[in-house]
Amino acid sequence: MHHKEKIEETATFAEKLLSSDASGHDWFHTKRVWKLAKKIGEKEGADLFVVELAALLHDIWDWKFHQGDETAGSKKAMEFMESIGVDGITRDKVCSIIQKTSFKGARVKEEELSLEGKCVQDADRLDAIGAIGIARAFAYGGHVKQPLFDPSIKPILHESKEDYFKANTSTINHFYEKLLLLKDRMKTETGKKMAEKRHAFMEEFLEEFFKEWNCGE
Ligand code: ADP
Ligand code: NI
């Protein structure tokens, strides 16, 4: 099987696994991340085979939703890549990206990533901000039954991933705890540029939200 066919097989596999998700990790998210990561990877001169595989497999088993097993996603990705004959070096590169890419709290030190990892992480983060990011945040908020906003809960810049994941928060707070921080944490020049407009749109959204919250016009 050639690289192109392996990518197609992987896309079919990811689509099957992710087609029924309603928490914001659906197949269309993965499809957008795949496209964005490829675009960034092309501009940055990354190994596109690694970029595309990692983008397609990055969310197949989110440990937040699966009893906290952090390695489950990369194990499943590893098995799948073996089954379609992806070579060992590529498999290790892809799995390392899958394990490191996720946001784990504002004050948690970010892990070192390969160029390919940077492309995938930037793509995943672009899909967490802007209009799509806003929609996904509220979809996630509904999924975990947290309030849209509660002025009595203050945003926290989390020191550990445990605190971040069990935080009692609101979806509006999530903007201050993660989404508005992403623009300055983009890892590639291409990603940084792409984040600007999406970031500005979220700021505009929040301004309108608070105006309306206070029943202004
Ligand atoms: P990452 O891609 O960094 O692993 P996650 O899987 O944690 O991101 O999040 C997936 C989506 O759900 C993102 O768009 C993210 O902003 C959103 N999300 C995560 N936690 C919350 C939360 N507490 N409130 C609202 N949205 C959230
Ligand atoms: Ni993702």
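User: In this predicted model, is histidine 29 buried or exposed?

Analyst: The model is a predicted one, and in it histidine 29 sits in helix 2, which spans residues 27–44. The cut-off for a buried residue is a relative accessible area under 20%. Because the relative accessible area of histidine 29 is 0%, this residue is buried.

User: Which side chain makes a polar contact with the side chain of histidine 29?

Analyst: Histidine 29 contributes its NE2 atom to the coordination of the nickel ion (ligand 2), and Asp124 is also among the coordinating residues. Beyond this shared role as donors to the nickel ion, the side chain of histidine 29 makes a polar contact, at 3.1 Å, with the side chain of aspartate 124.

User: Which residues coordinate the nickel ion (ligand 2), and at what distances?

Analyst: Along the chain, the donors of the nickel ion (ligand 2) follow the spacing H-x28-H-D-x64-D. Histidine 58, in the loop between helix 3 (48–57) and helix 4 (72–83), and aspartate 124, in helix 6 (residues 115–126), form a pair that links distant parts of the chain, 66 residues apart. The coordinating residues are His29 (NE2), His58 (NE2), Asp59 (OD) and Asp124 (OD), at 2.1 to 2.3 Å.

User: Why is the arrangement of the four donor atoms around the nickel ion (ligand 2) called irregular?

Analyst: For four donors, a tetrahedral arrangement needs all angles to lie between 85 and 135 degrees, while a square planar one needs opposite donors over 155 degrees apart and all others between 65 and 115. The four donor atoms around the nickel ion (ligand 2) subtend angles of 84 to 172 degrees, and it is this that makes the arrangement irregular.

User: Are histidine 58 and aspartate 124 buried or exposed?

Analyst: The limit for a buried residue is again a relative accessible area under 20%. Histidine 58 has 7% relative accessibility and therefore counts as buried. Aspartate 124 has a relative accessible area of 17%, so this residue is likewise buried.

User: What is the distance from an oxygen atom of ligand 1 to an N or O atom in the side chain of aspartate 124?

Analyst: Ligand 1 has 15 residues around it, and those that come nearest are His25, Ser102, Asp124, Gln146 and His174. A polar side-chain atom of serine 102 lies 2.7 Å from an oxygen atom of ligand 1, and a backbone N or O atom of alanine 137 lies 3.5 Å from a nitrogen atom of the ligand. For the side chain of aspartate 124, the distance from an N or O atom to an oxygen atom of ligand 1 is 2.7 Å.

User: Which helix gives the most residues to the shell around ligand 1?

Analyst: By class, the shell around ligand 1 is made up of five nonpolar, five polar and five charged residues. With three residues, the helix that gives the most to this shell is helix 7 (residues 130–143).

User: Is lysine 145 buried or exposed?

Analyst: Lysine 145 is placed in the loop between helix 7 and helix 8 (161–165), and its phi is near 60 degrees, a positive value in a residue other than glycine. Since its relative accessible area is 75%, lysine 145 is exposed.

User: How many Å apart in space are glycine 216 and lysine 76, C-alpha to C-alpha?

Analyst: Glycine 216 lies in the segment after helix 10, and at 37% relative accessibility this glycine counts as partly exposed. Glycine 216 and lysine 76 are 140 residues apart in sequence, and their C-alpha to C-alpha distance in space is 50 Å.

Notes
Residues are numbered from 1 along each chain as its sequence is written. Chains are lettered from A and ligands numbered from 1 in the order in which they are written. This is a predicted model: local features need pLDDT of at least 70, side-chain atom pairs count only at pLDDT 80 or more; totals for chains, interfaces and linings use all residues. Side-chain values use heavy atoms; hydrogens and water are left out. Donors are N, O and S atoms within 2.8 Å of the metal (3.2 Å for Na, K and Ca); water is not among the atoms, so sites may look incomplete. Four donors count as tetrahedral if all angles lie between 85 and 135 degrees; four count as square planar and six as octahedral if opposite donors are over 155 degrees apart and all others between 65 and 115; anything else is irregular. Helices (H or I, at least four residues) and strands (E, at least two) are DSSP runs, numbered from the N terminus. Buried means under 20% relative accessible area, exposed over 50%, partly exposed in between (1.4 Å probe, protein chains only). A residue is near a molecule or strand if one of its heavy atoms lies within 4 Å of it. A polar contact is a pair of N or O atoms within 3.5 Å; within protein, one must be able to donate a hydrogen and the other to accept it, and residues adjacent in sequence count only if both atoms are side-chain atoms. Ala, Val, Leu, Ile, Met, Phe, Trp, Tyr, Cys and Pro count as nonpolar, Asp, Glu, Lys and Arg as charged, and the others, Gly among them, as polar.
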